[in-house]
Amino acid sequence: MLTVVVIALLVVMVMALSRALLGPTIYDRILAVNVFGTKTVLLIAVVGFLFGRPDFLDIALVYALINFISVIGVLRYFEYSNDRHQGDNP
Amino acid sequence: MLLLLAITALAIAWLRDLFAAVMLAGIYGLLSASFFVSVDAVDVAFTEAAVGAGIFPLLMLAALALVGRNEQTAYRRPLISLLLVSITGAALVLGTLDMPAFGSADAPPHNHVAVRYIEESPKEIGIPNMVTSVLADYRSFDTLGEVVVVFTAAMGVLGLLFTGRAASPGSATERANMYDHRVLRVVSKMLIPLILLFALYVQFHGEYGPGGGFQAGVIFAAGIILYAMLFGFGNAQRVVRPALLQILAACGVLIYGSVGVVCLLSGGNFLDYSQLLPDPLVGRHVGILVIELGVGITVASAMILIFYAFASATVNSEEVA
Amino acid sequence: MIALLLEGVSVLCLGTGIFLLVSGGVGLLRFPEVFSRMHAAGVTETLAASLILLGLMLLAGWGIVMFKLLLILLFILITSPTASHALAKSAVHGGLGVDPDRNETS
Amino acid sequence: MLPELYNYWVVILLMMTGFYIVIVQGNLIKKLIGLNLFQTSVFIFYISLGKVSGGSAPIFAEGVSSYSNPLPHVLILTAIVVGIATTALALALVIRIRNAYGTVEEEELQQRDLEC
């Protein structure tokens, strides 16, 4: 049963990756990174169970944390560069 | 898994827009970390996730904010370099033909040195996580060198970029987008204590599960950077002063070195913890714990200092530009 | 008996989790517009993730493992909606605003 | 013989992509990303050397017989942290170059260097 979950996760990750590659706007790419991060968290948790080593879950937690911070960082950067180009923001 | 890695790498090569390249570098870091997990490299996956997918894109973005996003020049002489690259690639592939199969148990590296460490380390040092035991005890002198490397890197970045003028909390950019982060600020107020607590958890259970000084330091720094991003650099610098951080980075290295000297004084050679306490096993435990603490403090303060340096560079160049 | 029941429920959770996952993934690819894609991604992130984690929790049974899984579940449930909120806000701020009177998405 | 070596070939492919980026791309930041790509492929190479099929992660647990080799993990742990330290330094240098020369593209840098 767990292997089916792993395969499904890999399929969705490939989809998110393809969205990241061909996404027209920047926001598609950020969205794809966000989805990708969450799926990696799930993948690690399931792989941890598959190998019977439950101490993998710390890594899954770190993934979720890092994913959140990088998405916020990217958005913060993106707003910051908008301010600079437009001079003053609305 | 590796196929995904290869695709991302090729995409990065092909992309022109730097911003997208940095995003893909983040995905690449995540992918390589999940590969490390599937190959049982637990600690390495931890560090690669925290560093490769966490701090690296943040630093690149901070640099991109200064340097501008688009890449003007076209490729230069692509064909010749493509030829050169494929020749070196072919030579390397030839080199791997007689390597042992992936994961074969009887390969040469496994049955000489590793066997001794796998058998002896639980008995000698008594902690389950062999990677930390080797890192902190057998090879602790190299780890000392590494901590010094991180410290000097932080000092180098400070020397290059940090002009000391902290961004005043009320400056234009701070107030400008203060209003639109209401939801983010509330959520991060809840999350940041959790993150810092998790960093301490990682720090102190490095012996029993994946974790240790480096990972804890990086997670701690990531928590502070999140705070700085959302609440503006002025307030962040008021909360965690750069001067305090410089002292902290130095005293992390100091803790590490002083443990070594204490072992020297109490009769053993440098960094041999069994001399610390009458009972050698407990002495080693204490030694490793203190070492990890020193490493954690240095790495955390070094990362935050580097981020402050980048942030203050953006603020200054904005006034200049 | 209880073990069998637990096993059955966890398989059920994992099954629906996978179904939602794949449908969200397909949605991510096929929807024309950024905001509709964000909706599709949101489905996979919150519901599918919590279902799969729930399935794992049932498998794990009581103990430290279940607690860690609960922690991860809570963390994802807090962070991913905030992240998509921030993303949507900056998308609107960045000039990609969907003007309400346009009913059909171009 | 073929399927086992698949791992090493992918590593070489990644290494060559990073190498290619460093050679061809003019932009300094892009070169740094290429360098990071190259570095990560070396890490993957080391770790895949240390894997023992059927062995589990090198944390001592009851009922686990064979372990993967913990030594490359220690090596790579140090290498990752040193890698991020050097990348941070390199980025600081790129920013200073940007302030001094006003550009980050390699050709313009050379021309401006020749002028002054």
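This passage describes the nonpolar core, one loop residue and one pair of helices in a predicted model. Local features were considered at pLDDT of at least 70 and side-chain atom pairs at pLDDT 80 or more, while totals for chains, interfaces and linings use all residues. Residues are numbered from 1 along each chain as its sequence is written, and chains are lettered from A in the order in which they are written.

The largest nonpolar core (buried Ala, Val, Leu, Ile, Met, Phe, Trp, Tyr and Cys residues joined through side-chain atoms within 4.5 Å, where buried means under 20% relative accessible area, with a 1.4 Å probe and protein chains only) holds 191 residues, and Ile30(A) and Phe36(B) are among those that touch the most other members. The most is given to this core by helix α3 (residues 42-67) of chain B, with 20 residues; helices are DSSP runs of H or I, at least four residues long, numbered from the N terminus. Leaving aside residues up to four places away in sequence, Ile30(A) touches Val71(A), Val74(A), Leu75(A), Met23(B) and Leu87(C), contact being heavy atoms within 4.5 Å.

Phe51(A), in the loop between α2 (26-50) and α3 (57-86) of chain A, is partly exposed at a relative accessible area of 42%, a value between the 20% and 50% limits. With residues up to four places away in sequence not counted, Phe51(A) touches Phe56(A), Ser38(B) and Asp40(B).

In chain C, the axes (lines fitted to C-alpha atoms over the stretch in contact, with angles from 0 to 180 degrees between N-to-C directions) of helix α1 (residues 2-30) and helix α2 (residues 34-60) come within 8 Å and cross at roughly 165 degrees. The helices α1(C) and α2(C) are therefore roughly antiparallel, a term for angles over 145 degrees.

Terms used. Side-chain values use heavy atoms; hydrogens and water are left out. Helices (H or I, at least four residues) and strands (E, at least two) are DSSP runs, numbered from the N terminus. Angles under 35 degrees count as roughly parallel, over 145 as roughly antiparallel, 65 to 115 as roughly perpendicular and the rest as oblique.
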